[in-house]
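Visitor: I have a model open and would like to talk through one strand and one interface. Can we start?

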Amino acid sequence: METQQKDTAKIKEAIKRRKRVVYQPVVPDMQLGFVHHNVDCIGCRACEMACKDKNGLPPGPRFRRVQYVEGGTYPDVYAYKVNMSCNHCAQPACLPTCPTGAIWKHKENGVVDIDSTLCIGCRRCEAACPFGAPQFDPSDGLVKKCNLCIDELEAGRKPYCVAACMMRVLDVGPIDQIREGKFESKAIGPHDTTVRAIKNLANPNLTNPSIAFVPHSKAKVDI
Amino acid sequence: MSDTLKLLKSSLNMTRRGFLKTTAVGTAVAGGLVGKPRDAEAFAYEPYYTDDQLETVVTSCAHNCGSRHMLVAHKKGDVIVRLSTDDGTHEGAAYGTDTEQVPQVRGCLRGRSYRARLYSPERLLYPMLRVGARGEGKFKRVSWDEALSFIAEKMMYIKNMYGPASIVDQSYAGASWSVLHKSDQIEGLLGRFLGIFGNRITSWSVPSYQATTFSSRTTFGDIKDGNEDDAYAHTKLMIMWGWNPAYTFHGGNTFYYMRLAKQRGCKFVLVDPQYTDSAAAYDAWWVPIKPNTDAAMLAGMAHYIFVNNLQDQDFINRFTLGMDFGTMPNWAIARGFENFKDYILGNGYDGTPKTPEWAAEVCGVSADDIKKLAHMYATTKPAALKASWAPGRAAFGEQYNRMAAAVQSMTGNIGMLGGCAEGVGKAWSGEGVGYPYDKYANVWFQAIKSDCWAHCVLNYPNVKREEIGLWERPDPTDGQIPNIRAIWWQGSDWFNQLTNINKEIAAVHKLDLTVCMDSTITPTAIWADVVLPIATHFERHDVALPWYKGHYYIHRPKVIEPLGESKTDFQVFTRLAYMLGFGPIYNPKASPDYFESNENVDEAYLRDWWYNRVVPNQLIPQEQEIIEWEEFKRRGIYKFKYDHPHVAFEEEIKHGKPFPTSSGRIEIFSTELANIPDFTKTKYGSYIPPIPKWIEPWEYLGAKEKVKEHPFHLITPHPRWRTHTIFNNVPQLREVYEQEVTMNADDAAKLGIKTGDTVEVYNNRGKVVVPAYVTERCRPGVVVIHEGVWMDLDENGVDRAGNPDFLTLDEPSPAGAFAYNTILVNVGKTDLVHRPGWDKLATARSHVFRRDT
C-alpha cells in the first residue's frame, strides 16, 4: 500500500516535471510551392533527370518523382501524371520526427531542408512523410531531399526541375497566390484552375503541402 | 525578368544562409579540415558548388534524335559538375525569356543525363585490339600506332584482294549533324575517307524513315515536306498517325507548340495500337488500329471523302497528278494506268471499292470510326494529318506514306498554316557542312539496302541484285554483287540495330575486318576487331544544329579535355589518311601533327563555315541580326527569328511555283514509277505501283495461317529513355524505365501473365526475355517492345536484354523501308532470366506506376 502511494506520488511528480514540448511550426514570411499540370504533362521526366544531375545522385534516391496513373478499360482508357518532389509542407511531418534536429524550415520562403552534417540516416522522416519525399541514399547513409534548389532561388533563378520542363507544366511560386489564381504561369493554362487535392494523394489536411495541381477529370476529389 | 521572378527574388533573403554553410563549407568545418578545398567530382553530393561558383559553358546535346537542345555545362577545373539548359539569357535576353516566336530550347531527359554517359564505366579510353573470338568481348589495350597500322594494313590487303566494293560503310548518326565532326550514312567523315581510299560499299536505306523519304520524294519531289514546329500551334485538328512526340521529342519544341494548339481549341486524334502519353497529354480520341494496316484505313477514309464529295476539287485540279481521271496525264491514260480515285472507288483493275467497311475488315477500326475521322479531317480547316515514320517501318510501308500524302492532298491541307504534308517532316535547313566537301563527298562502288549485308555475305556469290537492293551504276560494274569482307562502324551501333541479328552473327564471322569507332563500348563494339576511343562532343570544337525542326545554331566549344587517349573521328581519319598516302587530300587544312593538336584547324574550318555558308546564305540583312563568329561563340546560341512559321510548299501553293517533281505537280500518280520497265534492275528490286495501294504485308494479324503459330503482332517503337541504343548504359534512366513487353490485359489474362512477370517473346528467328507490362492501353493482339536495348546473349543465343531485332526479318520493303514493325511472335511465361543492363542493375517500376480503376 505504501509502495503504491509512493509510486503514485512519484508518477504525479514525474508528469509535472515533464513539460510536454510541442513543436511550433515555423510560419514563413512567404511559402513557396509547386504547381503541376497533371494532364498536359507528357511524363518525360526531364525534371527528374535534371534534379538527379544537379544533386549528383546515383540510381536509387529520387528527389522528384513523376508518377504515371492509368485507368479505364480498353478502348476507353485514360492516363495522367502526378509530379511531386518535396511539398515543403506548412506542417511538415518529417521535421518533428528528426531526432537530431537536422530538418528545419526556412523562415523566409518555407523551404524544408536537411542539414546533412546532422543527419544520422535513421530514416524516421522517410517513414513519416505521406508523400515519399525524403530519400535514403545507401551510398553514404544519408537521407536527402529536395531543397527547392535554394541556391538557385538565391541567385534569382527557378529550381532545376522547373527550368527543365519541356512542356512548361511545372512551376514554382508563392503558394497562396497559386491557390488564389493570382499567379501567372505557363503551367496553368488560360482556362485552368488549380486544386489542393487529387485522388490517391495523401489528405492535404495532414501536413498542408505546398503544392497545387491542375487535375485530370478522373483525379478530382472533394476535400 | 518576369514579375514572378522579381517577386521571388525580392521575397527572399539574399544573404548567405544556412544551406550553403552546412554543405559546401560545412563539411570541412565539421571535419576540422578548414582550408583544404576538395577537388570537384562528377557525381558528388558534397562538396556542393552553386552554379555561380562554377564556370559556365554553353554547348548542346549530340545524339541522333532529330532535335538539338541546349546544354549548359557547369564545370570546375576539367570536370563537368552539372548540366543545365536554355534559360533565355544566352541569346542576350533576360532570364526566363521564352516566347512563342523565340522559345527556349530545353534539353530532354536524355540530354540531362549526359554526364552519366560521359563519365560512365562503359566509356572507351584506349584503342583496343580483339584477342578472343569475334563477339567474345576480349580485348587488349594497344597504342594508337598499333591500332591504326593494323587497320591500314588490313585495308590495303582487302582492297588488293577483293577490289573496291568490299568494305561496307556503316557510319551512322551516333554523333550526328554537327557541322564538322559528322558521322553519317551517306556523306559523313567515314564515307569521304573510304571514298578517297577507293573501297566503299554504301548502305543506302535509312533505318528510321526510308518509306517516308521515298514517299515524299516521289509525291512532292522533296523530303523537305515539314513545317517548322511553331506551325503546329495553328492547327485546328491534329491527327497523330502513329506519332508519339511525347517519346521522340522530334523537333525543338514540337510537343510544346501542340500544347498551345490544344489551349487554342485544337482537337487531337491518335491512330496507333497504343494509347500513348501523347494521347493522354493532348486528350486525344484514340483509334486503336491493327499494325501495318494503315494504308487500308487511309484508303477507307479516301473512299468516304470521294463518295461524299468532300474533297478539295479545286486543289486537286490545280496541284495534283493522277488523283482522278481529270488530273491523269494523257500518256498514262493511253498506256492504261489507273488513277487513284478509280482505285479507291473500285473502278480500277482490282474492282474492289475501298469502302470504310472494306477497310474495317482489314484494319480493325470500325467503319463508323473511319467515316467519323474522314469527315472530321475533310471538314476541318486547317487540319494536320501528321503521317509519322513508324507505320512506314513495315512491309510496304511506303504505301502507307504515299496514301497519307494522297489524303493530305485531296483535302487541300498542304502549303497552308495549320495543315501538314508530313511525311519526313524536315523543315528549316541549316548549313550543315563545315567539313571538307568536294567530289569525294559520296564516292561509292556499290550501294545496298542497309540491312541486307548479312544476306549478301552468307550467300555470296549466289545473290541476286534485287535481294540486296543494289543501286544502279552508270558503268559496267552495274549489278555486280559485292564481296563484302569488312564492316566499318563510325558512331554507329548497327550490329545491335539492323534486322534479324542472328543472321548478322552468322555473317560477321566470315569477315576479314571489323572496326568500331565510338565513345562508349557498345554491343557492336563487342564484335569489332579494333575498337577506337572517340572524343565526345564535350571534348572537341563544333557547332550543333537540329536537322529536323527548329531554327538555331548552338556553339559547342571544347568543354573538357578528351578522356583517356580518345581522339576525334576527324583526327583518326586524318591520321589514317596520312598513313595511306592521301592525308592532304582528306583534310586540306591540317598538317601531319593534327592528331596531336586539332584546335587551330577545327577553328579554321568552323570560322570558314560561318563566313562562307551562314553569313551569305542565312543572315539576310533586315530580316536577321548579323553577328560575327566571335560574337556567336561568346553567346553560344543563335536563334533565327521569323515573322511567320515556316510552312512546307507554301511557295508552290500560294505563288504557283512548280513542285520539284518531273511533272511539277504533287504526283499521286508517279511518273518515275510508271516508267520503270524492270524493277529488278533498280535499287527497289521489286514492283512498286505508281499510285498508292493497300498491299498485304508478309506478316500481320490478317495472315490467317501465320497467326496460328504466332498470334501477336509485335511493334518496336522508339523509346523515350534512349535514343536508339544511346544512353542504354545510363542507370539513372533505366531506373525509371524498364525494357519490357507491353501487352493488353485480356491477352495477358488468357496467358496467366501479370505485370512484372518474366516472359519470353519468340518466333522462328529468335527469342528475347523481358518483363511484362500488362495494360488496357494496348490493342489486343498487339505487343510492344522498344528498340535499341543492348543485346545480352546467353549461351543458347537467347537475348536476355530484350532486343526486338532478334525477331525482325531482314527483308526490307521494295522502297527500302526496314520491316521493323512487321513481326509476328508468340509470348509465354518463362523461367529464363531477364537482364536489364550490362551492369546488372535491378530496376523496378512498382513505385512509379500504378493503376487507378
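Guide: What follows covers a strand of chain B and then the contact between the chains. This is a predicted model, where local features need pLDDT of at least 70, side-chain atom pairs count only at pLDDT 80 or more, and totals for chains, interfaces and linings use all residues. Residues are numbered from 1 along each chain as its sequence is written, chains are lettered from A in the order written, and side-chain values use heavy atoms, without hydrogens and water.

Visitor: Strand S14 of chain B, residues 486-490: why is it largely enclosed?

Guide: Because five of its five residues are buried (under 20% relative accessible area, 1.4 Å probe, protein chains only). Strands here are DSSP runs of E, at least two residues, numbered from the N terminus.

Visitor: Which residues are on each side of S14(B)?

Guide: Ala486(B), Trp488(B) and Gln490(B) are on one side, with Ile487(B) and Trp489(B) on the other.

Visitor: And which strand pairs with S14(B) over five bridges?

Guide: S15(B), residues 513-518, in the parallel sense; pairing needs at least two DSSP bridges. Trp489(B) has Cys516(B) as its bridge partner there. S6(B), residues 167-169, also runs parallel to S14(B), joined by three bridges.

Visitor: Switching to the interface: how many salt bridges between chain B and chain A?

Guide: Nine, each a side-chain nitrogen of Lys or Arg within 4 Å of a carboxyl oxygen of Asp or Glu. Lys52(A) and Glu735(B) form a salt bridge at 2.8 Å, N to O.

Visitor: Which helix gives the most to chain B's side?

Guide: H2(B), residues 18-31, with six residues; helices are DSSP runs of H or I, at least four residues.

Terms used. Buried < 20%, exposed > 50% of the residue type's maximum accessible area, 1.4 Å probe, protein only.
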